[in-house]
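Q: I am new to this one and would like to go through its strands and helices. May I put some short questions as we look at it?

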Amino acid sequence: MTPNHVPDDQASKPTQERRPLDLKDFFSANEARLDRWRALLRVARSLADRPVDEAAATLRSRAEELLAELGPLEAFFGYPGPTLMTALHDRLTVGDGAGFALLCQKISAALLARSYRHSADSWETRDEGEAHMPDRLPSALNGADNAKPYFETLVVVPSDRALWPEIRNGMRRLRRPLDEFIYEPVVVGSFEDALLGVILNGGVQSVILYDGFPFRSHHQLPLLHEHLARALRITDSAMEQGSGTALARLIKRLRPELDVFLLTDREVEKLAGQDEAACVRRVFYDAEEGLEIHLAILEGVADRYRTPFFDNLKHYAQRPIGTFHALPIARGKSIFKSNWISDMGEFYGVNLFLAESSATTGGLDSLLDPVGNVKDAQDAAARAFGADRAYFVTNGTSTANKIAHQAIVRPGDIVLIDRDCHKSHHYGLVLTGGQPHYIDAFPLTQYSMYGGIAIRAIKQALLALKAEGKLDKVRMLVLTNCTFDGHVAHVKRTMEECLAIKPDLVFLWDEAWFGFARFSPFLRGRTAMGAAAALREQLRDPAYRKRHEEQQAEIAGLADDDPRLLDLHLLPDPARTTVRVYQTNSIHKSMSCLRQGSIVLVADDAFHTTEEAFHEAFYTHTSTSPNLQIIASIDVARRQMELEGYELVQRAIQLSLELRREINAHPLISRYFRALTPEEMIPAEFRGTGFADYGSPHGTWREAVQALREDEFVLDPTRVTVLCGTAGYDGTQFKGILADEHDIQINKTSRNSVLVQININNTRSDLAHLIKALADMARAIDRRLETGGEAEHTAFHARVKALMEDVPDLPNFSRIHDAFRDDPASATAEGHLREAYYAAYDGGSCEHVPLNSPEIDRRLDSGPELVSANFVIPYPPGFPLMVPGQVITREIVTFMRKLDVKEIHGYTAALGLKLLKPEALRRAQVRDLAA
C-alpha cells in the first residue's frame, strides 16, 4: 500500500528549542527521536486520564516542552510531517487530551515499527477510536512482500516557507503506480539545514538543490552554528553565496552514496561541464522538467538497489533447469526426496538448493573470470567503497590477504609489517618469499594486548633501510586497521610520511573488522580507501605543492638519520609519488553477509604493472567451485550499506556510547566492571587533542570529531573492551560464564578483559540483556563477599591482584637468526621467513625442549641460541610470540611461563618448544654463504 498523504494546508507551528542537540543525537537522531516520542506518549496518556486540575496543567506544560524539543528534529524528517505535527499542536492547544494521546500513540507506534513506510493510515489525522499497534514483524515473516521501498528526498529551496507545502504536494503528485519506490520530500531552506538534514536523517537517499538558498538556519542550534562551519571547513564564499555546487561537494563528502541534483537558472550547459558539477548526478534548468527530476531520483536509487549477481541468481532459481554437473545438491531433489535428510531441506528451504549450481553458464558468470553480473556486482562494490576496483573473495580475508601478498611481493622484497597482525600475513610472506621487517606496536601491558604501530617507528625503519642502501628492496607496508581491540590509525598521515621517504611504497591495510567505517562520515577518513582519495586530491592541489616545496627547503641538508626527521610531519613529493593502496575487508564481520564473504579493494595508480600478477594470485587462491550464496550475500550487503549503511552505522555507534556510559555510571556494575576508555587504551603521546572518553558526560561531538581527524590513534567507538579482571574473572572464564549462564556470545578475550562488539545487527534489547547480566554477576559477587567472611575477601582480592597487577610484560619481537639473513652485520631487521619455515619440514633439523626445563634457562644463559621452528600464537592475546627463525629471548620464555591460557597454536605442552637444532642453523648459514 502506498501512503496516501494528507496535503499540507499549513506549515507546522513554530517551536522553540529547549534542549540542545548532543553527541547521541548526532550519532543516531532516530533513536533520540524515538526516546522523545515515547516520553511524550507517556505524558499524553497521563494527561488524557486527568481531570482539569493543577496536575493536568503541569502535564500539559511538560507536553509542550517535549513538543518544543521535537520541533527542530522533526523539521528534517518526512514523517510525521507538518500536517500531523500541526494536528498534534492543535489538539493540545484546545485541551483535547484524549485526541492528543491517540495521535501521539499513532505517530510513536508508526515511528517505532516504521509502518509509515507502507501504511497510508499512519499519515491520516482522523481519530481511529481505539489506538492499535502496527505489525512489527519483518515483511519476510508476515508476508508483506509487496510494499514499495520507501525513502526521503531532501529539497533545499530559497523560496518563502509559505510555498513549501505546495512544493511537497507537487512532488507527491508525480507518483505513478509503475514507480519502483516511493519517496517523501523533506523541504529545508538553507545551507546549514541541508547539512543537518543529511547528517540527522539516515532515510534521505537523494538531495535536490535549488540554487540561491541562504546560508544560516532559522533554527536556534548552537551546536550547528559553532561546529559545522569549523569541522567541515566551509568556506566564506560558500557561506555568502549559498552555492549549490559548494553544498553538493560537502554533502558528497559527508555521504558519498547520496544522489545530488542541482536546479539552477544559471547557464546549465556550461555549468554541467565544469569541474564544480562533477559531484552532481544531473543538472536541471530550474524546475522546468518535474517528471524528469522525479524519474532521475528513482533511477539513482535503483542504481544502488540493483544487485546484479543476486538478482540474476533469483531469476536462475526460478527456471526449470536440468543439471548434469557435479553438484547433486543443486535443485534439491536428492534432499527433498530423501527418506533420511529431508529435514535439511525443511530447515533451509527450497530456494537455497534451487540457487545452487557448479556451472558458470546460463547467466551465472564466473568469479574467476567475470564478464557479466559478477563483474557488475564488483563494480558496484568498488563504487560503494570508494575504490578503483573490487574483487570478491569467498573464503575469508585470510585468503584475501594472501592474494594481495602474492600479487605484490616478490622473493627477496622487504615488507614492513606489524608483528601483531593476523597470521595470514605471516603465511603470505612464507608463500611469496618476502623478507619481513617486523615492527612492534605500542604495548598495553596491563591488558595483555598490543595497540597499533606508531608512525615514528615506521619512519625509523624506512630511514634506517635508506641509510643502508636497501630502500629499493622495500616493497610494501602491511598494517592492521582497526586492530581487534579497536585501535584505528591515522591512515592518511601514515601514508604521507612513508611516501615522503619512499614514493612508490605499496600499502596493504588489513581492515577486516572495519569495513563498516566507509559508511560513517566520522570514520571514513580513517579507512584506506577514504585516505587514498584524500591523498590523491591533496597531491593535485597547487597549495599543497607549495607547502611541499617550503618543507624541502627547510630540511635540505639533513642526514637520513637526523632525529628531526622523525618528529617532523613529512610531506611526499607530488611529482614523484604514486598512490598504491590495497584494502582487505571481511564483509561478513560487520555487514549482512554470510560467513567468509570478503573483498579486496584497490586504489592503485600503477595497477597496470601489477594487474596480471594480481589476477594470477586470484586464480591461485580462489576456488573453482566458489559458494554462490556467499557471492550473492556480498552483493546484497553492498546494497544495504549503500542505501541504509549510514543510518545503521550511526545507530551502532550510538548504542556503543550508551553501553559505555551505562557500564561506567552504574553504581553496582561499575564496582566490578568497567568499559575501558580511549585514555586508558591509547597512550597520551598518540592523543594530541587530549580526547579521553566517548562516554564522558562532558564529552562533546566536536571533541570526538576533532580527535578522529587529528589524533595519531583513535579508538573505534563500536568496540567496547570490558574489564573483568577487577571482578576476579580472567577473560576466558568470563566469556564462558556469559555464554553458559546468560546466552551471551563474546569472541575476543585478553587476560583480564573481553571485547564487546556492537554492529548493525544489535538493538537496545541486546544492550539491556548484557547490562542485566553484568548487574546479576555484580550482585552475585556482592553476596559472595558479604557471606563468605574474611577468607572470601582475601581470595577475591588475591585473584584481582593476580589478574590486574601481576601481569607479564609483553615481549617485543627479538630478531631473526643470522642464518636466515642476507647480511648478519646489517643494522636493519629483515630476514627470510620462508627458509626458516621450510627448514622445520626436515624432522631431523628440529628438537623439542620442555618450557620449564633447566635446559631452557641454561641455553638462555650460555647458548646455543634458542630458535623457533614454527609460529607460536597463544589465544589470548592472539599475536605470534614466535615466528619461524626467530631467536627466543628470556622475556619471551618468561611470558610463556606466566600464560594461563589453554589454547596456544604451535605449542604442545607435553613436547615443549619446537626449536631448530644448532647444527641445522649452521648448515643453513653455510648454504647462504655459499650462495
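Q: Which residue is the bridge partner of Arg674 in E18?
A: In this predicted model, Arg674 has Leu723 of E18 as its bridge partner.

Q: How many bridges join E16 to E18, and which way do the strands run?
A: There are 2 bridges between E16 and strand E18, residues 719-723, and the two strands run antiparallel.

Q: What sheet do they form, and in what order?
A: The sheet is open and has 3 strands in the order E16-E18-E19, with antiparallel pairing. Its edge strands are E16, residues 674-675, and E19, residues 753-757, each of which pairs on one side only.

Q: What holds paired strands together in general?
A: Strands of a sheet pair through backbone hydrogen bonds, in either a parallel or an antiparallel sense.

Q: Now to E2. Is strand E2 largely enclosed or not, and why?
A: Strand E2, residues 182-188, is largely enclosed by the rest of the structure, because 7 of its 7 residues are buried.

Q: Which residues point which way from E2?
A: Ile182, Glu184, Val186 and Val188 point one way, while Tyr183, Pro185 and Val187 point the other way; all are buried. In a regular strand the side chains alternate between the two faces of the sheet.

Q: How does E1 pair with E2?
A: Strand E1, residues 150-156, pairs with E2 in the parallel sense over 7 bridges. Within that pairing, Thr153 of the model stands opposite Pro185 in E2. Together with helix H7, residues 164-172, the strands E1 and E2 make a right-handed β-α-β unit.

Q: On to another sheet. What is the order of the one with 7 strands?
A: That open sheet runs E6-E15-E14-E13-E11-E7-E8, and its pairing is mixed. At its edges are E6, residues 389-393, and E8, residues 435-439, each pairing on one side only. From one strand to the next, the twist averages 20 degrees.

Q: How do E7 and E11 pair?
A: Strand E7, residues 414-418, and strand E11, residues 474-480, pair in the parallel sense over 4 bridges. Ile414 stands opposite Val474 in E11.

Q: Which strands of the sheet does H23 touch?
A: H23 packs on the sheet and touches E13 (506-510), E14 and E15 (598-604). The direction of H23 makes about 10 degrees with that of E15.

Q: And at what angle do H22 and H23 cross?
A: The axes of H22, residues 491-501, and H23, residues 528-539, cross at roughly 55 degrees and come within 8 Å. That angle makes H22 oblique to H23. Their crossing is right-handed. Among the residues that meet there are Val491, Met495 and Leu499 in H22, and Ala528, Ala531 and Leu535 in H23.

Q: How do H14 and H28 cross?
A: Their axes come within 7 Å and cross at roughly 130 degrees; H14 covers residues 308-317 and H28 covers residues 628-665. H14 is therefore oblique to H28. The crossing of H14 past H28 is left-handed. The residues that meet include Phe309 and Leu313 in H14, and Ile631 and Arg638 in H28.

Q: One last topic. Where is Thr578, and what does it touch?
A: Thr578 lies in the loop between helix H25 (564-567) and strand E14 (580-586). Not counting residues up to four places away in sequence, Thr578 touches Leu499, Pro503, Asp605 and Ala606.

Q: What is the relative accessible area of Thr578?
A: The value is 23%, so Thr578 is partly exposed.

Terms used: Residues are numbered from 1 along each chain as its sequence is written. This is a predicted model: local features need pLDDT of at least 70, side-chain atom pairs count only at pLDDT 80 or more; totals for chains, interfaces and linings use all residues. Side-chain values use heavy atoms; hydrogens and water are left out. Two strands pair if DSSP finds at least two bridges between them. Buried means under 20% relative accessible area, exposed over 50%, partly exposed in between (1.4 Å probe, protein chains only). A crossover is right-handed if, with the strands pointing away from the viewer, the path from the first strand over the helix to the second runs clockwise. Axes are lines fitted to C-alpha atoms, for helices over the stretch in contact, and angles run from 0 to 180 degrees between N-to-C directions. Angles under 35 degrees count as roughly parallel, over 145 as roughly antiparallel, 65 to 115 as roughly perpendicular and the rest as oblique. A crossing is left-handed if the near helix is turned anticlockwise from the far one by less than a right angle, and right-handed if clockwise. Contact means heavy atoms within 4.5 Å.
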